[in-house]
2 protein chains.
Amino acid sequence: MNTEITYKPIGIINSAWKKIDDMPIQSVDAQNTSGYIKLFPEYAKGLTDLNGFSHIMLLYHFHLVKGHSLMVTPFMDTKSHGIFSTRAPKRPNSIGISIVELLKIEGNTIHFSSCDILDETPLLDIKPFFEDFDNRINTQKGWLGNRPVKKTLSDKRFK
Amino acid sequence: MNTEITYKPIGIINSAWKKIDDMPIQSVDAQNTSGYIKLFPEYAKGLTDLNGFSHIMLLYHFHLVKGHSLMVTPFMDTKSHGIFSTRAPKRPNSIGISIVELLKIEGNTIHFSSCDILDETPLLDIKPFFEDFDNRINTQKGWLGNRPVKKTLSDKRFK
């Protein structure tokens, strides 16, 4: 079962974020920042009926991250934690997730806001967000605890 | 940019679901079903501090799905829709996401409930769930609309 799994990007994400530092680290911190996806034309038919959704999940590859670390100090803390207890990009499999707001679909171009994704990021998947299935309340948040979540920008630590 | 991306499973998900039909289709429908992950030992250090979280996201490969379809009739509807407006597994890149409840971590074994994942599924990533970043409310849900979401089981359609 320990064989490699190979995916092909389905498109490219374009954004105003051109470098890995000074970016918003969560899409909820990036509500006024828009981006767009150029889906490769062969997948355009798969967008049918997506325009009825207000929120979509984007799964993508952190393409500028090299290698991985099992212990990292996340942007939101000053202590190190296991990589799987953080959202840091330097993961064994560098897959990122952002929940963004869908603005408009024109042909194979998908415009969205709340963009916390680096320019030229290869897109792996788009999934509709269903609040009935995807929200959870009264959760325990480990090392983050109940500290107020303050808006934080990235730096170069995971380059 | 249209090059292949290769990942290696970080572990295997074990569950009571041995075949692709008659499974819960969402983790919220599987609250009484537990499963466990055998993380490959080389990644165990990355679990440090994960035990403080009540909910985690699992990203995995739908290993029994062959090929993809751009139009599918999802389990929750009788009409066909573009694959990216559904959670159906027969996707260009067959990556699944489940938000599950963390029960216990023992060494490199992670016990969880709300398991809607097939036995022997290769695991790609574990991320902590942060309700401050991951919940969305007042969303538009496309073809699902405001129909009450009824508990549905899978069948063989995406085999």
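**Exercise 1. Describe the closed barrel of chain B in this predicted model, giving its strand order and pairing.**

Solution. Start with the order of the strands: in chain B, six strands form a closed barrel in the sequence β2-β3-β8-β7-β4-β9, and the pairing is antiparallel. Next, take the angle between neighbouring strands of this sheet, which is 45 degrees on average when direction is ignored.

**Exercise 2. Find how many bridges join β2(B) to β3(B), and name the residue of β3(B) that stands opposite Ile13(B).**

Solution. Locate the two strands of chain B: β2 covers residues 11-15 and β3 covers residues 34-39. They pair in the antiparallel sense over five bridges. Within this pair, Ile13(B) faces Ile37(B) of β3(B).

**Exercise 3. Follow β7(B) to its partners β4(B) and β8(B), and describe each pairing.**

Solution. Begin with β4 of chain B, residues 55-61, and β7 of chain B, residues 95-106; these strands run antiparallel and are joined by seven bridges. One residue pair here is Ile56(B) with its bridge partner Val100(B) in β7(B).

Then turn to β8 of chain B, residues 109-113, which runs antiparallel to β7(B) and is joined to it by five bridges. Glu106(B) is placed opposite Thr109(B) of β8(B). Finally, look at the turn: β7(B) and β8(B) make a hairpin with two residues between them. One residue of the turn, Gly107(B), has a positive phi of about 60 degrees.

**Exercise 4. Work out how chain B is related to chain A.**

Solution. Consider the operation that lays chain B on chain A: a turn of 180 degrees with a shift of 0.0 Å along the axis, giving an RMSD of 0.0 Å. The two copies are therefore related as by a two-fold rotation axis.

Now compare the interface residues. Of those in chain B, 100% are also interface residues in chain A, so the copies meet through the same surface.

**Exercise 5. Describe the side of chain B that touches chain A, by number of residues, by elements and by residue class.**

Solution. Count first: 62 residues of chain B are in contact with 62 residues of chain A. The elements giving two or more residues to this side of chain B are β1 (5-7), β4, β6 (81-82), β7, β9 (121-128) and α1 (131-134). The largest share, six residues, comes from β9(B). By class, the residues on this side divide into 30 nonpolar, 18 polar and 14 charged.

Strand pairing also crosses between the chains. β1 of chain A, residues 5-7, runs antiparallel to β1(B), and three bridges join them. Ile5(A) has Tyr7(B) as its bridge partner in β1(B).

**Exercise 6. Name the residues that touch the most other members of the largest nonpolar core.**

Solution. This core has 80 residues, and those touching the most other members are Leu58(A), Leu124(A), Leu58(B) and Leu124(B). Take Leu58(A) as the example and set aside its neighbours within four places in sequence: its contacts are Ser98(A), Val100(A), Ile117(A), Leu123(A) and Ile126(A).

**Exercise 7. Decide whether Asp22(A) and Asn138(A) are buried or exposed.**

Solution. Place each residue first. Asp22(A) belongs to the loop between β2 (11-15) and β3 (34-39) of chain A, while Asn138(A) belongs to the segment after α1 (131-134) of chain A. Then apply the cut-off: a residue is exposed if 12 or fewer other C-beta atoms lie within 10 Å of its own. Asp22(A) has 11 other C-beta atoms within 10 Å, so Asp22(A) is exposed. Asn138(A) has 7 C-beta neighbours inside 10 Å, so Asn138(A) is exposed.

Last, check the backbone. Phi is positive, near 60 degrees, in Asp22(A), a residue other than glycine. In Asn138(A), also a residue other than glycine, phi is positive and near 55 degrees.

Methods. Residues numbered from 1 in each chain as written. Chains lettered and ligands numbered in written order. Predicted model: local features only at pLDDT ≥ 70, side-chain atom pairs only at ≥ 80, totals over all residues. Least-squares fit on C-alpha atoms with pLDDT ≥ 70 in both. Contact = placed C-beta atoms within 7 Å. Pairing = 2+ DSSP bridges. Helix = DSSP H or I, 4+ residues; strand = E, 2+ residues; numbered from the N terminus. Axes fitted to C-alpha atoms, helices over the stretch in contact; angles between N-to-C directions. Nonpolar A, V, L, I, M, F, W, Y, C, P; charged D, E, K, R; others polar. Core = buried A, V, L, I, M, F, W, Y, C linked by C-beta atoms within 7 Å. Buried ≥ 20, exposed ≤ 12 C-beta atoms within 10 Å, placed from the backbone.
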